Structure formats: C-alpha cells, structure tokens
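Please open the model in your viewer and keep the selection panel at hand. The tour goes from one selection to the next and says what is there at each stop.

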Amino acid sequence: MQEAKQILIIGGVAGGASCAARLRRLSEAARIVVFDRGPYVSFANCGLPYYVGDVIRDEAKLLVASAELFRERFGIDVHTEHDVTGIDPAARTITVRALRSGESRVYPYDALVLSPGAAPVRPPIPGIDLDGVFSLRTIPDSRRVRDWISSKGARRALVVGGGFIGLEMAENLANRGLAVTVLEKAAQLMPLLDPEMALPVRERLEARGVTVRLGEGLLRLDRPEAEVGAEAAPPPGLRATTEHGAANATDVVILAIGVRPETGLARAAGIAIGPSGGIAVDETMRTSDPHIWAVGDAVETTDVVTGARQVLPLAGPASRQGRVAAEAICGRATQFRGIQATAVCGAFGLTIAMTGASERTLGRAGITDYDRVYLHPGHHVGYFPGARPIHLKLIFRRSDGRVLGAQAVGEEGVEKRIDVIAMAIQLGASVHDLAEAELCYAPQFGAAKDPVNLAGFIAENVQNGDMPLAPQSTIDEIQARAVPEAAAAAPGADAAARPLVLDVREPGECVAGILPDALNIPLNQLRGRLAELPRDRMIVVYCAVGQRGYYAVRMLRQNGFDARNFSGGYQTYAAMREARLLK
Ligand code: FAD
C-alpha cells in the first residue's frame with residue numbers, strides 16, 4: 001500500500017495541471033489538491049491571442065480540462081478562485097483565501113508544488129491603468145479585450161512590445177480589421193533573434209499594413225479630449241507618447257513587454273531565489289526547502305548550451321517540469337535536462353523559430369568559441385511548385401563542431417527544421433550529425449539534401465577548412481564602408497591592404513545592390529580570369545545566397561588564393577547592413 005501523502009499544488013495551469021495529473025498516475029493513494037486564484041485551471045493561455053482575433057470563436061475550446069474533470073476522472077480536488085496567501089515551511093502549511101467568501105483556511109501538506117507562473121510586466125508609467133490598456137494572461141483578460149474592441153468600436157490598436165505575444169496580438173488585431181502599430185524599444189522585432197535574422201519579420205508586418213516603430217519605448221498614456229471635427233463619433237481614444245516624443249492615437253493598447261516570475265510567495269517563505277530572479281530548483285525541481293518543489297515560468301533552470309541559470313516562460317518546459325516534480329515527489333529517479341529556448345511564433349504568414357543559443361546569448365555568457373553560417377534554401381525542392389525560402393542561421397562550436405543554436409524565418413517548413421536541430425542540440429550532436437541526418441523526403445515536403453543537411457554540410461566545410469569564412473573584422477569593415485554613419489566599431493584599413501571583395505553573381509543580379517568596392521566576375525567566367533585576382537591579399541567571395549560563393553572559394557583555394565566565403569551571400573549582407581543601420 002502506498003502512503004497517503006497530502007500534496008498541494010499552487011497554480012493549476014501548464015505546470016501545476018500536468019504535475020497533478022502525473023501524480024495521480026503514479027499514486028492512487030495521494031490526496032492531491034490544486035489551488036488557483038483564477039476561475040479556470042488547465043486553460044490554453046497560448047490560444048488567447050487567437051481568441052481575441054476570432055480564430056478561436058468558442059471560449060470553451062480554451063479549457064483543456066475543467067475542475068470537474070480533474071475531480072471525476074483523477075480524484076483531484078481543484079479549488080478555483082482560491083488565492084494562496086502564505087506558506088509556513090516550518091509548520092508545512094499554506095494559508096488559502098477563498099476569493100468569493102473572503103474566508104481564509106490553513107491546509108497542511110507533505111509536499112507542496114509551486115506553479116504560480118509569471119505576471120505580465122506593467123511598467124510604472126503614467127496612464128498605465130487607464131481603461132483600454134490591457135495585458136493578456138488569462139481567459140477573462142482576453143474576454144475584456146474582445147469586449148472593449150466590440151463595445152467601443154475600436155479601430156486602432158497599439159501593441160507595445162514586438163516579441164512573441166506582441167506579434168501574435170498584432171496579427172490577430174489586424175485580422176479583426178484594426179489598424180495596428182507595434183512599438184518596440186529594441187532596434188528590432190523579436191528581440192530573441194539575432195538582429196540580422198529579424199529583418200524579414202519587420203518587412204512582413206509592414207507589407208501587411210502594420211506600422212512598426214523600433215527603438216522607441218512607451219513614455220506615457222493619456223486620454224485627450226474628444227477629437228474635434230471628426231466626421232463620425234470617434235471611439236474614446238488614448239494617446240500614447242513615446243520616448244521620442246511621438247504621439248500615437250489609439251483606441252486600445254496591448255502591453256506585451258514580457259513577464260516577471262511570480263516569486264512573492266516563495267520569497268516570503270524564505271525559499272531561495274536564483275541569480276536570474278526565478279525560484280532556484282535542483283534538477284528534480286526541488287527548491288531550497290526539501291518539502292517544496294517549483295515548476296514553470298516562476299523557476300530558473302540551467303540552459304543546456306550556455307550553462308547559465310535562466311527563467312524561460314514557455315509551456316513545454318513548464319509541463320515537463322511538472323512531470324519531473326511529480327516523479328520526484330513519488331520517489332522516482334528523475335531529472336529535468338535543462339532548457340534550450342526552443343520557440344516558435346507565427347505572424348502574418350511567417351514562421352519564426354529558434355532553438356539553443358543566439359550570438360547574443362553566447363556573448364552574454366562570454367562564449368567566443370563559435371562560428372555561424374547562413375543559408376536560404378527552399379523548404380522543398382525548387383522543381384515542385386510552391387517552394388518558399390527558409391532563412392536559416394546555424395551556430396556551432398568552432399573547436400569541435402557541436403551544434404549550439406539555430407534560428408529560422410520563412411513561410412513553410414520552418415519549425416520542422418528547428419525541431420530537428422533542437423533534438424540534435426539536446427543530444428549534444430555536431431554539425432557532422434546534421435550532415436548525416438536521414439530526414440523525410442518527397443518533392444512536396446523537402447529535398448534529398450534537406451535544409452538541415454545543407455546547414456550541416458556548410459558548417460562541416462567551415463570546420464574542416466574547405467570553406468573558410470570571411471573574418472568578422474572584415475565583415476565589420478565592409479559594413480562600415482557601406483554604412484559610414486554606423487562605422488563606430490570598424491577598423492580603418494587602406495584600400496590596398498584591404499581584402500578584395502569578389503562578387504561572383506551574374507551582372508544582372510548586381511542591380512539589386514553590390515558590396516562596397518566589389519569586383520564582379522561571374523562564377524562561370526572565374527576559371528578563365530584568375531590572372532585578374534591578387535595573390536597577396538585575402539579575397540572575400542559572395543554571391544546571392546552563398547552557394548556559388550562556396551564553389552568559387554573551392555576553385556580559388558585550389559589555385560592558391562586565400563579565398564573566404566561571405567556566408568549567406570548578398571541576402572545576409574543586406575540583412576546585416578539593415579540591422580547595423582538600426583542599431
Ligand atoms: P501559468 O500557466 O501562468 O499558471 C499559473 C497559475 O497560477 C495561474 O492560473 C495563476 O492564477 C495561478 N496562481 C499564481 N499565484 C497564485 C496564488 N498565490 N494562489 C493561487 N493561484 C495562483 N508558451 C509557449 O510555449 N508557446 C506559446 O505559443 C505561448 N503563447 C502564450 C500566449 C500568451 C498570451 C501567454 C500569456 C502565454 C503564452 N505562452 C506560450 C507561455 C505559457 O503559457 C506559459 O509558459 C505556461 O503557461 C507557464 O505555465 P505555469 O504553470 O508556470 O504558469
């Protein structure tokens with residue numbers, strides 16, 4: 001017979017609900033009680049933007065499992081609208097206030113699981129509490145946004161924050177016919193991407209009529225007097241003033257500027273908080289108190305690539321951590337492997353996905369032993385109708401080829417490639433493993449050399465010296481010549497000592513733009529024109545996307561030239577230039 005432990009869980013959504021259900025599967029004897037201050041448990045927060053946008057029309061579809069289902073199927077007591085107000089670790093009790101009656105009650109526990117999530121950041125700026133300013137975390141939040149839009153006849157929306165939730169909200173509000181502006185304090189949308197990868201995202205939003213304002217934070221909100229002289233009675237407008245002094249008239253403001261782990265209860269109970277601000281846990285999700293576990297958005301765990309302790313507010317890790325905590329509480333040998341920030345977002349027909357480290361996170365962790373390659377293959381073979389490009393960046397350890405991270409943007413097949421690379425990172429695979437990966441292929445799905453294989457081939461070529469890359473200092477110097485006003489970091493070099501920049505595209509392709517001072521010799525003529533090239537200087541070769549550049553590098557190196565490829569070709573160069581301009 002199993003011991004009848006009393007296990008209490010604070011928070012009944014992603015982490016808490018999966019922990020509760022797993023606990024029951026492992027122990028029929030345990031008394032499991034879940035408390036949530038909200039009216040629902042186990043609801044789909046990830047679906048909320050689509051409920052606002054009317055893609056999900058029936059609110060009930062957002063309820064993955066109800067309190068009744070937990071009770072009837074799993075024998076788990078669920079108390080919604082019950083706020084846990086305190087933890088007494090010495091007495092092993094929690095105090096819970098029933099929000100409807102206002103009564104407080106103390107519950108004892110043998111094991112306690114914290115899954116309180118993370119609260120949307122609401123900066124203390126003037127006007128933040130005005131009507132019409134919303135954050136999105138719960139079903140009632142999304143209902144309030146919907147009601148506001150329809151009851152006030154809102155026509156304009158300001159989304160503050162250009163990350164995942166900001167982009168999803170922008171898309172859904174635009175789908176409802178609102179004129180949308182996205183305000184982002186960073187110099188790029190999707191700040192988790194490296195800057196040069198974010199360019200297609202901005203271009204897509206603008207192409208779909210969204211106004212994108214980068215490098216501008218929100219300073220204050222106010223409600224001016226009714227607009228004088230407007231033809232029809234305007235909806236009650238808000239005015240959003242940015243740090244640049246620009247005023248945006250809008251009818252609804254959505255704050256999507258990140259979340260902060262809910263650590264108040266844990267702090268008050270003396271539970272250790274880690275350096276990144278999340279509840280500190282070990283690999284079994286146990287906190288500094290031996291009877292208390294914590295999971296989800298509120299905790300920090302180890303990043304498998306950088307080794308840094310991080311909070312990662314995503315549903316997948318929260319659910320997996322819930323399972324791990326349940327297993328640990330039931331005495332099973334278990335371990336959470338760590339996080340690697342695998343994430344995906346869809347906006348206006350684009351898919352943006354990433355896994356592992358970005359160059360920015362590597363920089364923060366002080367890791368310099370890496371290279372990166374860019375490629376722009378079709379999501380399936382070019383001869384089959386409908387191939388769409390995937391812009392893919394792969395980051396790997398220079399010393400041994402281990403895959404460290406990948407980012408991809410495109411319309412089709414993006415998340416499939418990132419998922420494959422995510423698994424490779426988790427298993428500690430190298431670029432040679434990507435080159436060898438045996439993946440699905442038929443013309444409508446991929447290519448015999450899948451983009452994942454191609455990324456592996458290219459990185460392998462860099463690794464084994466077949467295709468050295470243009471050094472970063474040279475790329476900076478070329479960019480500086482193209483964008484003199486952003487030249488700060490670029491070392492000056494006189495023209496004769498500088499590497500020769502060789503463009504191997506056809507002349508017609510150069511109309512779109514050319515790198516500064518580049519010499520154009522199309523690849524098909526190169527073998528016959530080697531005499532025109534210097535043997536005492538590095539030659540940086542580029543084409544449109546990097547492939548012909550690679551062929552040229554191989555030809556030149558075998559003829560004794562110090563040739564290096566500009567990975568990703570002109571497409572990547574243009575994105576880098578744009579990112580540099582925006583910095
Ligand atoms: P939550 O799911 O936030 O649950 C915490 C619960 O604890 C809440 O219901 C809260 O009311 C309750 N609670 C807190 N304190 C107390 C207390 N003292 N007493 C009682 N109850 C308490 N992730 C993805 O991976 N992909 C996505 O596409 C995605 N989209 C998202 C879209 C939106 C709009 C939002 C808000 C989040 C999205 N996320 C997404 C993030 C994902 O929802 C979270 O990572 C996940 O829900 C975290 O689970 P959790 O259990 O830690 O916290």
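Begin by selecting A280 and E300: E300, in β20, is the bridge partner of A280. Next to this pair, select I279 and V299, since V299 is the β20 residue that bridges to I279. Together, 2 bridges join β18 to strand β20 (residues 299-302), and the two strands run parallel; strands here are DSSP runs of E with at least two residues, helices are runs of H or I with at least four residues, and both are numbered from the N terminus. Two strands are said to pair if DSSP finds at least two bridges between them.

Before going further, note that this is a predicted model, in which local features need pLDDT of at least 70 and side-chain atom pairs count only at pLDDT 80 or more, while totals for chains, interfaces and linings use all residues. Residues are numbered from 1 along each chain as its sequence is written, and side-chain values use heavy atoms, with hydrogens and water left out.

Now extend the selection to β21, which pairs with β20 in the antiparallel sense over 3 bridges. E300 appears again here, with V311 as its bridge partner in β21. Between β20 and β21, which form a hairpin, there are 6 residues, and G307 in that turn has a positive phi of about 80 degrees. Seen as a whole, this is an open sheet of 3 strands in the order β18-β20-β21, with mixed pairing. Its edge strands, each pairing on one side only, are β18 (279-280) and β21 (309-311).

For a second hairpin, select residues 93-98 (strand β5) and residues 104-108 (strand β6), which pair in the antiparallel sense over 5 bridges. Within this pairing, V96 has R105 of β6 as its bridge partner. The hairpin leaves 5 residues between β5 and β6, and in its turn G102 has a positive phi of about 80 degrees.

Stay with β6 and show the rings of F35 and Y107. The structure holds 7 aromatic pairs, where rings of Phe, Tyr and Trp (its six-membered ring) pair if their centres lie within 6.5 Å, with planes under 30 degrees apart counted as stacked, over 60 as edge-to-face and the rest as tilted. The ring centres of F35 and Y107 are 4.8 Å apart and their planes stand at 65 degrees, so this pair is edge-to-face. Because F35 lies in strand β2 and Y107 in strand β6, the pair ties together parts that are 72 residues apart in sequence.

Next, select the ligand: which residues are closest to it? Of the 28 residues that surround the ligand, the closest are G15, D36, S115, D297 and A315; a residue counts as near if one of its heavy atoms lies within 4 Å. The side chain of S115 has an N or O atom 2.8 Å from an oxygen atom of the ligand, and a polar side-chain atom of N45 lies 3.3 Å from a ligand oxygen atom. For R137, the distance from a polar side-chain atom to an oxygen atom of the ligand is 3.4 Å. (A polar contact is a pair of N or O atoms within 3.5 Å.)

Finally, colour the chain by its domain assignment, which gives domain 1 (6-118 + 260-329), domain 2 (133-227 + 235-257), domain 3 (349-463) and domain 4 (472-582); the bounds come from an automatic or database assignment. The shell around the ligand draws at least three residues from each of domain 1 and domain 2.

Methods:
A polar contact is a pair of N or O atoms within 3.5 Å; within protein, one must be able to donate a hydrogen and the other to accept it, and residues adjacent in sequence count only if both atoms are side-chain atoms.
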